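Q: Could you walk me through this structure? I would like to start with the whole chain and then look at particular places.

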Amino acid sequence: MALQADHFPQSARIRTMDRIYEPEAYVKTVNSYWETTATPPLWPEAAGEISAETVIIGGGFTGLNCALELAETGHDPASIVIVEAMQPGWGASGRNGGFCGIGGSKLPVAKQIARFGEAETRRYFEEQKAAIETVRDNLVRYAIDAETHSRGETELAHRQKDADGFAAEAARMKSLFDSEARILSKAETVAEGLASPTVFGALETGHGFALNPMRYVTGLARAALAAGISCFGGSPMTGYRSAGGRYRIETPGAAISARNLVIATNGYSSDDLPRWLGGRLLPVLSNIVLSRPLSEAELADQGWTSHQMVFDSRNLLHYLRLIPARPGEDGPRMLFGMRGGTSASAASHSAMHRMIRRDFETFFPAWRSVETPFFWSGLVCLTRDLTSYTGPVPGMANAWLSVAYHGNGVSMGSHCGRLAGRMISGRRAPDAIPVIMRQPPRRFPFPALRRNYLRAAYAWYGWTDRG
Ligand SMILES: Cc1cc2nc3c(=O)[nH]c(=O)nc-3n(C[C@H](O)[C@H](O)[C@H](O)COP(=O)(O)OP(=O)(O)OC[C@H]3O[C@@H](n4cnc5c(N)ncnc54)[C@H](O)[C@@H]3O)c2cc1C
């Protein structure tokens, strides 16, 4: 059953004055295909005076995993509170591409080594692999059928020179991370059912798999309720103060007092909750179109029959995968995603829709007349240093933050939520995680210009991604 806008309580809203996009980025309606495949539980609104040990802001992968980690390691579940502005999974967690893979930073490996050294870069890679296993464990532990597929992940070269670089990349993966990678020539990509005129070769790594994100987040939200965690929807945190060693969190209907505060709002964060966060995050739009079910003849016409999850070698990358036919559907659908756009206004959204459709047709010329009935967008989160952060909020006792997975939060959001839970309960010291994940986000210079920086970066990427 499709999620309707009235799934949300009347008071559900995201305050927009301290966020950098137009109000359209924060409306209730998402219109994703995933909404037709699972409906998260409806959490009640928080009401009255509530006393808790820990209050977690945000009901996505990060917040849910943090809460579950605490509940499963001896903390009284009733004194763990999640407050979500909308409903669980409304943010990026319920609307992403479902790639569960290696990632979390946009800092190239060579720069990771230059800044943090080889040992820390290796340690970080191991943590990213562990993040994939965190998701796999969750699916088993909570018996979630997230419709998984794909053996690892494949990068497609969109130019011959990128294909030529794959041998060196594979050698580095082996020598630095002891990780195997398989190189495919253009002819081999065709033979493997990845045929497109825009593909010049591929590099396949064995890490990760694809999933249905709404089914995953729905399973987590149900597990949180089953564990006895106090979950509230339609309850945006509108303000906070601290007194006597406790935080007092305000929502439209409640005041929640708690010793620990966890901020798990990622791309939907507000610049003043908490105030320290002001100007330190850069939410960025990511966009997806999804085709109608494709017939076997159509798949054969294009030569794209593989269910491998793939992305291309552009800076402004495309990410795509053929989703196996779901029950009741008479063929697989193509999910085709793309970063880009610096405005969430209705006009910009339409322009992005045209652009992504144009790229879909360039990628798949045989599907020029195949309809893509779904188009939606959402916010991922970047930092100035291109690294994620999980740890204490500087200057705020017992306040924690886990954000900025650089468009790779299926695995990293899940894992870092768990790490935040372990930090709160003292089972993992904040300085015991890889150093790359514990650099507090620095403030952007002139934060009001953040979208202008993005525009400049996109113009540059558009130029360098050419020919
Ligand atoms: C279109 C798209 C495609 C993507 N594709 C992939 C992919 O294929 N693979 C991958 O790994 N990652 C992908 N991502 C990124 C990934 O979805 C995110 O990194 C991840 O979901 C972050 O999880 P989160 O729980 O930290 O944040 P979110 O899921 O964004 O949740 C934050 C929540 O905080 C809530 N909130 C905000 N402010 C308040 C407040 N004041 N009070 C209460 N609640 C509040 C919001 O309502 C929201 O539900 C994609 C993202 C998008 C948008």
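A: The conversation below goes from the overall fold to the ligand and then to single residues. Please keep in mind that this is a predicted model.

Q: How many helices and strands are there in the protein chain?

A: The protein chain has 11 helices and 18 strands. Its radius of gyration is 21 Å, close to the 23 Å from the globule rule for 467 residues, so the chain is as compact as a globular protein of that length. Along the principal axes, the C-alpha atoms fill a box of roughly 65 × 50 × 45 Å.

Q: And what percentage of the residues is buried?

A: Buried residues are 49% of the 467 residues in the protein chain. As for contacts with a separation of 6 or more, 79% of them are between residues 24 or more positions apart.

Q: Which residues of the largest nonpolar core touch the most other members?

A: They are Val55, Ala67, Val81, Val83 and Ala224, in a core of 121 residues.

Q: What does valine 83 touch?

A: Not counting residues up to four places away in sequence, valine 83 touches Ala46, Val55, Ile57, Phe232, Ser235, Met237, Ile249, Thr251 and Ile256.

Q: Let us change topic to the ligand. How many residues surround it, and which are the closest?

A: The ligand is surrounded by 44 residues, and the closest are Gly60, Gly91, Gly97, Gly378 and Gly409. By type, the shell divides into 20 nonpolar, 22 polar and two charged residues.

Q: Which elements each supply at least two residues of that shell?

A: Helix 1 (61-71), strand 12 (281-290), strand 16 (374-383) and helix 10 (409-424) each do so. Helix 10 gives the largest share, with four residues.

Q: Is helix 10 mostly covered or mostly open, and what comes after it?

A: Helix 10 is mostly covered, as 15 of its 16 residues are buried. Glycine 426 follows helix 10 and has a positive phi, near 80 degrees.

Q: Now strand 14, please. How many of its residues are buried?

A: Strand 14 covers residues 318-323, and six of its six residues are buried. His318, Leu320 and Leu322 are on one side, with Tyr319, Arg321 and Ile323 on the other, and both faces are covered.

Q: Which way do strand 13 and strand 14 pair?

A: Strand 13 (residues 309-312) pairs with strand 14 in the antiparallel sense over two bridges. The two form a hairpin with five residues between them. Within this pairing, valine 310 stands opposite leucine 320.

Q: How many bridges join strand 14 to strand 15?

A: There are six bridges between strand 14 and strand 15 (residues 333-339), and these strands run antiparallel. Leucine 322 has methionine 334 in strand 15 as its bridge partner.

Q: Going back a bit, what does alanine 210 contact?

A: Alanine 210 lies in strand 7 (residues 209-210). Leaving aside neighbours within four places in sequence, its contacts are Gly98, Phe99, Cys100, Thr148, His149, Ser150, Met309 and Arg321. Alanine 210 is buried, because 27 other C-beta atoms lie within 10 Å. From alanine 210 to glutamine 308 the C-alpha distance is 8.3 Å, although they are 98 residues apart in sequence.

Q: What about backbone angles in general?

A: Most residues other than glycine have a negative phi, and most peptide bonds are trans.

Q: Then where is glutamate 147, and what is its phi?

A: Glutamate 147 lies in the loop between helix 3 (118-141) and strand 4 (153-156). Its phi is positive, near 55 degrees. Glutamate 147 is partly exposed, with 17 other C-beta atoms within 10 Å.

Q: And aspartate 178: buried or exposed?

A: Aspartate 178 is exposed, with 9 other C-beta atoms within 10 Å. It is found in the loop between helix 5 (166-177) and strand 5 (181-185), and its phi is a positive value near 50 degrees.

Q: What is the peptide bond from leucine 273 to proline 274 like, cis or trans?

A: That bond is cis, with omega near -5 degrees. Proline 274 is in the loop between strand 11 (254-263) and strand 12.

Q: One last place: why does alanine 448 count as exposed?

A: Alanine 448 counts as exposed because it has 10 C-beta neighbours inside 10 Å, and the limit for exposed is 12 or fewer. Alanine 448 is in the loop between helix 10 and helix 11 (450-464). Its C-alpha atom is 7.6 Å from that of glycine 279, which is 169 residues away along the chain.

Definitions and conventions: Residues are numbered from 1 along each chain as its sequence is written. This is a predicted model: local features need pLDDT of at least 70, side-chain atom pairs count only at pLDDT 80 or more; totals for chains, interfaces and linings use all residues. A residue is near a molecule or strand if its C-beta atom, placed from the backbone, lies within 6 Å of it. Ala, Val, Leu, Ile, Met, Phe, Trp, Tyr, Cys and Pro count as nonpolar, Asp, Glu, Lys and Arg as charged, and the others, Gly among them, as polar. The radius of gyration is taken over C-alpha atoms; the globule rule is 2.2 Å times the number of residues to the power 0.38. A residue is buried if 20 or more other C-beta atoms lie within 10 Å of its own, exposed if 12 or fewer, and partly exposed in between; C-beta atoms are placed from the backbone. Two residues are in contact if their C-beta atoms, placed from the backbone, lie within 7 Å. A nonpolar core is a set of buried Ala, Val, Leu, Ile, Met, Phe, Trp, Tyr and Cys residues joined through C-beta atoms within 7 Å. Two strands pair if DSSP finds at least two bridges between them.
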